[in-house]
Structure formats: structure tokens, C-alpha cells
There are 2 protein chains.
Amino acid sequence: VLGSIKIDVPLSSLISEQRLLVSSNLNSSAADTPPRDRVLQPYHIPVPQPSLDDPRSDLERVLAALPAVHPTVGLSAVPGAVRSLPGLLRQHDWQVQALVRGGVVAAFTAPDARPIGLAVDLGTTKLAAYLVDMLTGEVLASDGRPNPQIGYGEDVVSRLVYAVNGGPQGAKTLAHAVTNTLADLSRELAARISLTSQDILECCIVGNTAMLHILLELPVGQLASAPYIPATSLPLEILAADLNLPFAGDARVYIPACVAGYVGADLVAMTYAAGIGKDNRTVLGIDIGTNTEIVLSTGNHNGNPRMLSLSCASGPAFEGAHIKAGMRAAAGAIEMIRLGLDENWIKTIDDTPPVGICGSGIIDAIAEMRRMGVLNARGRLQPGLPGVRENAGKLEYLLVRGGETGTGEDIPITQNDVDEILLAKGAIKAGITVLLEVSGLKLDDLDEVLLAGAFGSYLNLDTAIAMGLLPNISVKKYKQVGNAAGDGARQMLISSASRAESAALARQIEYIELASYPAFRRIYARSMSLDEVSPPASAP
Amino acid sequence: VLGSIKIDVPLSSLISEQRLLVSSNLNSSAADTPPRDRVLQPYHIPVPQPSLDDPRSDLERVLAALPAVHPTVGLSAVPGAVRSLPGLLRQHDWQVQALVRGGVVAAFTAPDARPIGLAVDLGTTKLAAYLVDMLTGEVLASDGRPNPQIGYGEDVVSRLVYAVNGGPQGAKTLAHAVTNTLADLSRELAARISLTSQDILECCIVGNTAMLHILLELPVGQLASAPYIPATSLPLEILAADLNLPFAGDARVYIPACVAGYVGADLVAMTYAAGIGKDNRTVLGIDIGTNTEIVLSTGNHNGNPRMLSLSCASGPAFEGAHIKAGMRAAAGAIEMIRLGLDENWIKTIDDTPPVGICGSGIIDAIAEMRRMGVLNARGRLQPGLPGVRENAGKLEYLLVRGGETGTGEDIPITQNDVDEILLAKGAIKAGITVLLEVSGLKLDDLDEVLLAGAFGSYLNLDTAIAMGLLPNISVKKYKQVGNAAGDGARQMLISSASRAESAALARQIEYIELASYPAFRRIYARSMSLDEVSPPASAP
């Protein structure tokens, strides 16, 4: 920059105030369920003071008072714990708290210290972090952030391409972008409860398979192209220091099992936390995102209970990307729409003047435009109808005039926007269709449909059903559960039993590869139309 | 430096060519004993190529072919191993070697790779490193280096003081001095067999308790003053990366058990490798160094077999320090001496002109000076006898005239030199006396005396016995075993059974604290005299 310039930052591009869902509506939250098998088991130990006649090492002195710890031979404490022990014993009058993980002391703390851990849901678009009491599961602080990798690619595939083409340095750039954000967020959350991130003893990070590969700097070349093979989909434990996370010296990060290359630990965590497959009901679980992952528990329906899963490349359109006036779910985003003959009714987040349109608003728009006949069954804008106009040779529907918006500019829905949404909607609908087909179930067999994640929790069920994104069954069967993957992460953070159960669950869930499903292209093509909703006879 | 100057580097100060003992004479070397329970168990695995119909992750694919690895749930491979797997499988036609440690894959390598590890004996004065085949125990390359911490203190206590007074930075300085040297040495050894230090998968480091504390950056304040409490004396496993060692990503460093604050893992390793305590014989094991550690296995002698140990602060005099013409065991060091009426006979290392005197030479000198009557029974130089002269008001014995030395300067033995040696000799003799006293044994009950370490292996037994450093028993009962601690380190490097057995041995060995032994001061004072050797009646 050589002289004074003016920089325009479109209001709709600001992401600082983005609405990031960190809570869930599940009853089975970690706080309510005391862990059956704690990852960190606390012991409060008073030890006899040493002398020339009792010169045992500090660690032996402590372990002698620890019935649960492993016997004479073998490892007994991680190096970081041993480093802190002499100081703690001498500062706290020969009392100390030992936190034992799998027969090994993972940390020593002051006798009254509250051991904390961090649970993370690492999404393609955003990440949510929860600071958790390791003994009770209570959430002490939580917050969300946009995934800073967005600058390197909006969806999973473009991130993988960046990591592959950029070589080790590209992969590192992506990994560090996330770990730096996670480090900052952990410092901030810890500060809120007057601790530091160095007090974090344990961490659990769920996410889709690609995000976890990138985070762990696992090779992704083989994941980026068919047959889409993960380096691993088994649970993994890694030192926090290995990920440059500023936690306690020997803090571990637990990465739960994934199902396949495109069905990750986040779906497993969601399925586990929501209890899908724990009873005989037929339940569909959907986490709509840049990749939409779907799980179906067939229940006892045909005598052969199965858990099936797949992933649909729904793209980032529901998050406002690739949509002309699209934006993330932040203040001023249109989130509800009802079209009228004379006037359109809209509602924005925080009720501020509209600056763009977010995912739930776009769903409303498509459903309403179809209802009003502005779109035909194949999703084409109908020229000549009220609101439909030509702009640079292409049709678009004027949703809000510039005079009524926060930016002074029109908010239109273009034919291209409609096409993007129908591609995304078609992908999800096709996924559900394939799952039902493979399991031999019909829509009516579904006892419940769980919608997880931010978009699934904020969307308007009636319009999502009307435009064919969601199956046309009673709204009463739907449950919008919020960030269930975060719930699962918190349970696996504190409970060894949850880790084992979710790992077993991951192995139980079958994966259906759409790319090799025979009829997929036909099903997908059929799923993109808008024939679910009949426009009223009195279409304008 | 402002102008041209001349720098004199005394020949006797050069340490580059120091003789560092890395070999041992024990029969039970690791190479001869195939490990009963390998630390790294190799499996050669061909795996089926993935496809859209078999999209299992690389790791699952490999583990399915691995019968020995742990079942479905739980951790299955360290992160570094997973990182290398996709590349290896695709470069080597779907064949890979898995190296399994305790049910977890510690590393994947090319199918024909030879897994290597590094065993280290970390002494106060020097360190010895062995590059070892992890499967056969064969030593592939080995070498020694002076311990670079010498610049911060010659003996254990002064190093501890430096670490305590220097705070965390002082402790770090000492730790990094050693790890940097170890890193360089490991690179050099690996290069000798056309590998890199990154190929080192496992490491075992033995040393005395203080050296290991400093290496691991464990707190040492409580170890430096009575009652001399270690942070831990149990076995410890630490990531090589944690010690800044340039080994394979997830390489582990095994630190064996110590006995007490001043009886370390090196004595345990020596005792284990030499098999002391494995049979019914009464065996004394001595590792003479800056600290001399002694172990006594009482055998079946009085129906109550015990293993006893203690440590004597013998100081660095035997390594040439605090001796006016003293030097380390390098070329030109006098290592053997016979005094005559007319002429003194000396032998130097490498037979070069003498520049100083090393440990075994000093022992010879004292014994011979006593034999010739130059020293009386209390260790005082006798004025007026041949060779005895005054220098700056103090007595000294002229061993070699300047005209015959490599430096042109006289090589004397001063009264102060004699005092230093008698302090050291007294400490060791007192230690042996206490061990026999505690166990109710007499000198004649000893079946064997093992001398380990460089000094013990090079010293001349007859003069060492004559001047009272070693017990006056048949020379046939002595065995100079070389670096037995290094042997033990190599066994523990490759064998889990050796780790368990040596850890059990460490717990079995009792520790005697000389500082609280009632009669110690009296015994020590008595042990310093030279009354073992009667000068011949015809003394000059």
C-alpha cells in the first residue's frame, strides 16, 4: 500500500459474531452420568516424611500408599508427574493428589486441586471446546471458534488437496492453524475459571476423519482419492505436546475411532451420546454439515439389527457459501422467510436489518419459492412471476430490496443459488434413500430422526421437509439435539468405559460407500427435484 | 583479544584421545543371549490391497494380520508409526514390518529393515554408547565421549549444586550438555552403519541416580542434601523427543531402576549383567569412579542371602583430577610405575613420552613410594630420601625429570597428591569394611571380587592391593570385567524380561547410608593409612 486507501469489509463477511452451537439438548449429558470408569482416578495420599533411616524416593513413598497402582515391577508414573512430585510434597506438608490413568500416575497435583480436561468437536467449519471437570463431567466453561483452516479450502476435499499438494509444509500449515486456535481457546477457557491451560490434564478431540488426519499430521494422499483409505480409523492417543497444545507436561489427547474415510469420530460421538442403537427403535441420525454424515440403526425391525452409515458431499451451501447473498449464521442473517403475494416476511438473527441469508433461511426460501410457484418442480425460476427478474442475463428472485437491507444492496436468490441448494439437498436425500434401501426399511418404519449439529438444530423442520431435504414424516418424530458430538467427546474425555464402548460402536457401524453403490447416480439425480411440494392451485 | 597472542594448551589437558572403555569381558553379553522377551517383536506382514469394497484403514488392514496384537478395543499403534504406514505400504508392495512393544505397534519399517536401538552408560566423567540390533543384541557400533558436564563440576555433588543454584536454567544447561553429546554420538554411530539416528527405535540409559535426575530434568534439591531423597528410583520410560534426542518419532528411552540417591541404575545394570546374586557365591562388585558404588551378595554364607550396597565419595582423584600432574587416561599418561634405587621404570599409554599421570599410575606410585619407604605408614613423604624435595615450602617426590617428559616439565607426586589419593582409597576401603561388617562376613569369605568400569579394569591389581585400595585376598579371586554397566544397558535395551528382572533386583538390593552408619567416621579414619604394605627391611 503506497498511499491512503479505503477498505470495504462487507458486513456479511464478518465472522466474529458467528453463532456457534456448543450446547446440546440430550438428556444423557456427561454431567448427569458419573463415569463408571474414570480416565483419571484421584487418590489423596498423605505420606511419611523421609529420613536417613527411610530414604525411599518420593515416588516409592507415594506409590506405597496407593493400593490401586500396579505392582512392584513396571512403570509407575509419567516423567512429568515425577518432575512435579518433590516440590508438591514439600509445599503441601507431605500430602498430594495422585491422578491415576490405567495403572500409571498421570499427574500429581496439590491435594485440593480440581483436575480439568478439554473436550473438542473439531468440525470442518467450526470447532467447539468444553473445559470439563475430569471427576464429575461438569462443563466449567465452553466456547466455539470458526475453523481457521477455512482460508485454505472450504470443504474437506479442498483441505485434503491443499495438504497433499502443499507437501509436508502444507499439511503442517493446516495442522498448526487448528492447534493454534485450540491453544488460544484453551487458554481463554482456563482463564475464565482462574486456571491456566497448563492445568489441562487430558483432552478428547472428535471430528471427521479428514480433520483428524490433518490435525495429527497423518498422511492424507490415500484418503483424498478413491478408495479413500484412512491411515487409521482406530482410537489413538497422542501427547498434547506433540500437537503443540499448551497443556500439562504429559497431557494426553484421545482421538476416538472413526468408521471410514468419510464417516468420522464425530458421527461416532454423536451416535454414542444420543444412544442410537442402544434400544430396539429404528432411528436415523443426521449431522448436516459440509459433509453430511448419516447413521441408521435398523432396530429390531426385520430381526437383524444393523447400524449403517454413509457420508454425502453436501457442500458448504447450507453454511452460506457459494450462495450469492449467503453468509454464516451471524447477526443480520435471514434465518426465516415466509413469502406473500404482496409482501415477504423475514426474520434475521438478532433482529437487525438483513445483510445476507444463512442456511435455514435458504431452506425456507426454496420451499417458499416452490410453494408460490416461483420455482417449478425441476427447480427452475419462472420468468414473468412477481419478484423474478433478469440480472446480467440470468434469472434471480428478489427477496429483499436494497432499501430495506443493512447494506443498502438487494438480497436476491439466483438460479445458481437454487442449483447449489438442490445439489446439496439431493445428496442428503439420496443418502437417506440408499440407507433405507440397503436396510429394507420404509420411511414409515422410522421411529425417530435425530438432527445434530448447528444447521440441523436451527433449521425449520416444516420447510426442510417441504423442500425434500428431510423425510416427509411427522414432525413429532424429529428431535433437534444440538451438538451431540460435543456431548460424546465430553463422555469419552472423562470415562474409560465410554472410550471402550464408543470404539466398539465404531466397529459395529457398517459403512456404505456411495461411490460404489450401483444405483447411486440414478437415485441422486432423482433426489434433486422439488416435486415433494405441490404449489397451491392458485399459484400467482 | 585485541592483538596477536600465543595460547598454550598443555598436552596433559587434551581429552580428545582419552581412553574410554566401552567393551566388557563378561561372558553373558547381550549378543550371546537371545532375548527371552523382546522389547520390540517383529512381524512381517503382507496385507491385501484396499478397494472400494474393502476400504478398511491401513492400520486395521495390518492389525488384522497381526495375531499378537491386542484385541478390538484399545490403542493399537503409536502416532508416529501410523504416520509412516501409508507410505511404507504403498512403496513396498503392501508388505511391511511391524515392531510391537507391549501390544502396541511402536514402529512400522520397510519389510527388510534391521531395527536398531541405543544403549548408553552415562557416567559422571564419561559416557559410552552402543548401537545395537534390537533383535539379536549384536553391537553394530560403539564409542565413548567425555561427559560434557565436567565444565560445570567435576563430581556428582558439584553438578547437583550447579543444578540447584542455577535454577531451572542451570538444570537445563546440564541436561542439554549431555543430550547434545548423545545426539552427536548417536548420529555418528548410525552413520558408521549407513543409517541415521532417526532409525533408532529404542534407547536405554543407565547411570548413577544424580546423572539420571539431571538428564531427565527431575528436581534435585532434595537429592543434594540429607537425607538425599531421589524424586524416583523406579524404572521410567520417556519419549526420546522429550530429551531432544534425534531418534525415530516415537522412540522411547528406558531408564532402569536405581537403588537409592547414591546407588544408581549403573550399579544395578552392572550387578545384573555380571550375574551377582544369581548363585550362592559371596561376591563383591565394585565400580570405582568419582562415586564408587559397591554391591555385596552374601550368598548362602550365613543362611540369609542378602544383597547390600553403598556408595563412597571417592572423588575424581583416580581420574587424574586434583593431582598436580594428573591427567585422564590418554596418550602420554603414566599408567605403570616401578621405583628402583637407581632408576624409576614407567610405562605410558601408547608408549609416548610422559606428560602426566593417570589413575592406575597414581596407585602404582603410592604403593611403590610406600614400598621404597618414601612414604611412611601415615602417608607422609619422608624428607631426605632420594627423590624427595621441597618445592615452595612443601614436600614432593620427583617421579620423572623434565628432560625425560613430553612437556619438558618435571612430573612430581606432591604431599597433597598423596593426601587426595589416601582420602579416596580410605573411602573405598571403609565402604568395603562396612559392607562386610553389616553382613557378618570376613575377607576370606569372599569368593569373587568383580571390578567394573574403566579405572577398575585398567588398574594394576598387585599395587592396588598393596596400597590397601582393594582387599588383600588372592589375585585369582579378582575379575576385571570392563564396562559391565554397558552390558546391562544393552540387555535391558532389547529384553523386557531383563527390564523386569533388573527392576526386581533393584528392589532386592538393600542400601546402607554411610552418613548414618554409627562407626563410619572411625572406620574411615582408620582406612586412610598405608599400613597394609611393610617397606622392605632394606629400605633405602
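Which loop of chain A holds A:Pro227? The legends below take that up first, for what is a predicted model.

**View 1. A cis proline in chain A.** A:Pro227 sits in the loop between helix H6 (221-224) and E8 of chain A. Look at the link into this residue: the peptide bond from A:Ala226 to A:Pro227 is cis, and its omega is near 5°.

**View 2. The cis proline in chain B.** Over in chain B, B:Ala226 and B:Pro227 are joined by a cis peptide bond, with omega at about 0°. The loop that carries B:Pro227 runs between helix H6 (221-224) and strand E8 (236-239) of chain B.

**View 3. A positive phi at A:Glu217.** Here's one for the backbone watchers: A:Glu217 isn't a glycine, yet its phi is positive, at about 55°. You'll find A:Glu217 in the loop between helix H5 (209-216) and H6 of chain A.

**View 4. Inside the second largest pocket.** The volume of the second largest pocket comes to about 570 Å³. Its lining is made up of 22 residues, and those nearest the centre are A:Ser311, A:Ala313, A:Glu513, A:Leu514 and A:Ala515. Three elements of chain A, namely helix H3 (156-165), strand E12 (307-312) and helix H14 (520-527), each give two or more residues to that lining. The largest share, three residues, is down to H14(A). As for chemistry, the lining of this pocket splits into 15 nonpolar, four polar and three charged residues.

**View 5. Where chain A meets chain B.** Chain A puts 51 residues into the contact, and chain B puts in 52. Between the two chains, about 4100 Å² of area is buried, with 69% of that coming from carbon and sulfur atoms.

**View 6. A salt bridge across the interface.** How many salt bridges are there between chain A and chain B? The count is two. One to zoom in on pairs the side chains of B:Glu60 and A:Arg507, at 3.9 Å from N to O. Polar contacts between the chains add up to twelve residue pairs, both partners being at pLDDT 80 or more. On the side of chain A that touches chain B, the elements giving two or more residues are helix H1 (58-63), helix H2 (79-91), strand E8 (236-239) and helix H13 (496-508). Sorted by class, this side of chain A has 29 nonpolar, nine polar and 13 charged residues.

Methods
Residues numbered from 1 in each chain as written. Chains lettered and ligands numbered in written order. Predicted model: local features only at pLDDT ≥ 70, side-chain atom pairs only at ≥ 80, totals over all residues. Heavy atoms only, no water. 1 Å grid on protein atoms, 1.4 Å probe; cavity = no way out; pocket = protein on both sides within 12 Å on 5 of 7 lines; lining within 4 Å. Points joined across faces, edges and corners; volume = space filled by probe spheres on them. Helix = DSSP H or I, 4+ residues; strand = E, 2+ residues; numbered from the N terminus. Nonpolar A, V, L, I, M, F, W, Y, C, P; charged D, E, K, R; others polar. Contact = heavy atoms within 4.5 Å. Buried area = accessible area lost by both parts, 1.4 Å probe. Salt bridge = Lys/Arg side-chain N within 4 Å of Asp/Glu carboxyl O. Polar contact = N/O pair within 3.5 Å; in protein donor to acceptor, adjacent residues only side chain to side chain.
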